[in-house]
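Ready for some practice in reading a protein model? Work through the exercises below, and try each one yourself before you peek at the solution.

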Amino acid sequence: MLYTGRYHIEVIPGVHWVRSVVGCNCWLVVEPGNSIVIDTGLPGNARRIVNYAKQLGVSAISHIILTHADIDHAGSASELKSLTGAKIAVHTIEAHYMTTRTELPFPFCWVSRLIPRLSRFARFTPDILLDESDSVGGLRVVHTPGHTPGSICLLKKGESIFTGDALRTHARDKLLTPSRPTAMDMPRAMDSMKKIAALDFTSLFGGHGPPVISKASAKLRDIVANLPCCQV
Ligand SMILES: [Zn+2]
């Protein structure tokens with residue numbers, strides 16, 4: 001992990017962890033010609049993301065990619081777009097929940113049950129609708145439904161993957177398998193985990209928890225190989 005300043009965390013070259021964002025992990029991917037924000041946190045975080053980029057010397061944010069429509073990931077997207085003019089990109093299926101007042105069907109999610117307002121936030125119309133294998137800058141879209149119907153991962157082949165809540169990690173830098181209370185469709189979430197495990201990457205950046213910086217795809221393949229359903 002590269003600490004490039006008091007508040008700057010460049011996890012690997014070109015990938016910044018905007019730790020001041022509250023709600024989920026917010027990643028700023030800086031590449032030639034593009035500066036891409038992946039997930040924005042709860043409402044009220046946009047200014048923090050802009051300030052981080054400014055302190056880094058990044059003058060413009062080109063894209064905001066949302067891994068899914070939950071408020072802890074999409075809550076500041078509208079405000080961030082207003083501040084920066086960045087284009088918002090989401091999976092085609094997930095766009096419906098961001099554009100309309102329709103709430104994600106979350107019958108098993110304890111968070112949504114306990115705090116219903118967590119599924120309500122300022123709606124907006126995405127600028128770019130994504131499907132499998134589309135690219136934004138150097139990031140390729142991988143559709144990984146289960147947590148929500150339009151959840152996506154973003155893959156920089158051979159380097160890194162950003163998984164949103166399709167895969168999370170915990171405090172010990174370890175990967176977590178999908179859990180029933182947070183997955184709308186558990187069988188699809190497990191299938192998506194296997195799909196991710198078949199990809200080639202070194203570092204994994206989840207929607208919550210610290211990044212897995214090295215040998216992440218090998219670690220995930222180990223987990224998948226030892227799942228009861230996958231043992232020969
Ligand atoms: Zn989520």
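## Exercise 1: Two unusual loop residues

S133 is partly exposed, with a relative accessibility of 43%; buried means under 20% relative accessible area, exposed over 50%, and partly exposed in between (1.4 Å probe, protein chains only). Before we go on, a word on the ground rules: this is a predicted model, where local features need pLDDT of at least 70 and side-chain atom pairs count only at pLDDT 80 or more, while totals for chains, interfaces and linings use all residues. Residues are numbered from 1 along each chain as its sequence is written, and side-chain values use heavy atoms, with hydrogens and water left out.

**Task.** Find where S133 and D39 sit, and what their phi angles look like.

**Solution.**
- Step 1: S133 belongs to the loop between β8 (128-130) and β9. Strands (E, at least two residues) and helices (H or I, at least four) are DSSP runs, numbered from the N terminus.
- Step 2: Its phi is near 75°, a positive value in a residue other than glycine.
- Step 3: D39 sits in the loop between β5 (34-38) and α1 (46-56). D39 isn't a glycine either, yet its phi is positive, at about 70°.
- Step 4: Check the burial of D39: at 2% relative accessibility, D39 is buried.

## Exercise 2: The zinc site

**Task.** Which protein atoms are the donors of the zinc ion, and what is the geometry of the site?

**Solution.**
- Step 1: Look for donors, meaning N, O and S atoms within 2.8 Å of the metal (3.2 Å for Na, K and Ca); water is not among the atoms, so sites may look incomplete.
- Step 2: You should find H68 (NE2), D70 (OD), H147 (NE2) and D165 (OD), at 2.1 to 2.3 Å from the zinc ion. Along the chain, these donors have the spacing H-x1-D-x76-H-x17-D.
- Step 3: The angles among the four donor atoms run from 89 to 163°, and the site is irregular. Four donors count as tetrahedral if all angles lie between 85 and 135 degrees; four count as square planar and six as octahedral if opposite donors are over 155 degrees apart and all others between 65 and 115; anything else is irregular.
- Step 4: Now for burial: H68 has a relative accessible area of 0% and is buried, and D70 is buried at 11%.

## Exercise 3: The sheet and its edge

**Task.** What is the order of the strands in the open sheet of five, and which strands stand at the edges?

**Solution.**
- Step 1: The order is β9-β10-β11-β12-β15, with mixed pairing. Two strands pair if DSSP finds at least two bridges between them.
- Step 2: β9 (135-136) and β15 stand at the edges with a single partner strand each, so one side of each has no neighbour in the sheet.
- Step 3: β12 (residues 160-164) pairs with β15 in the parallel sense over four bridges, and G164 has G206 as its bridge partner. In contrast, β10 (residues 139-143) and β11 (residues 152-156) pair in the antiparallel sense, also over four bridges.

## Exercise 4: Inside strand β15

**Task.** Which way do the residues of β15 point, and what does S203 touch?

**Solution.**
- Step 1: In a regular strand the side chains alternate between the two faces of the sheet.
- Step 2: In β15 (residues 203-206), S203 and F205 point one way, L204 and G206 the other, and all are buried.
- Step 3: Not counting residues up to four places away in sequence, S203 touches residues including I12, E159 and A216; contact means heavy atoms within 4.5 Å.
- Step 4: A polar atom of the S203 side chain lies 2.6 Å from the backbone oxygen of I213.

Terms used: A polar contact is a pair of N or O atoms within 3.5 Å; within protein, one must be able to donate a hydrogen and the other to accept it, and residues adjacent in sequence count only if both atoms are side-chain atoms.
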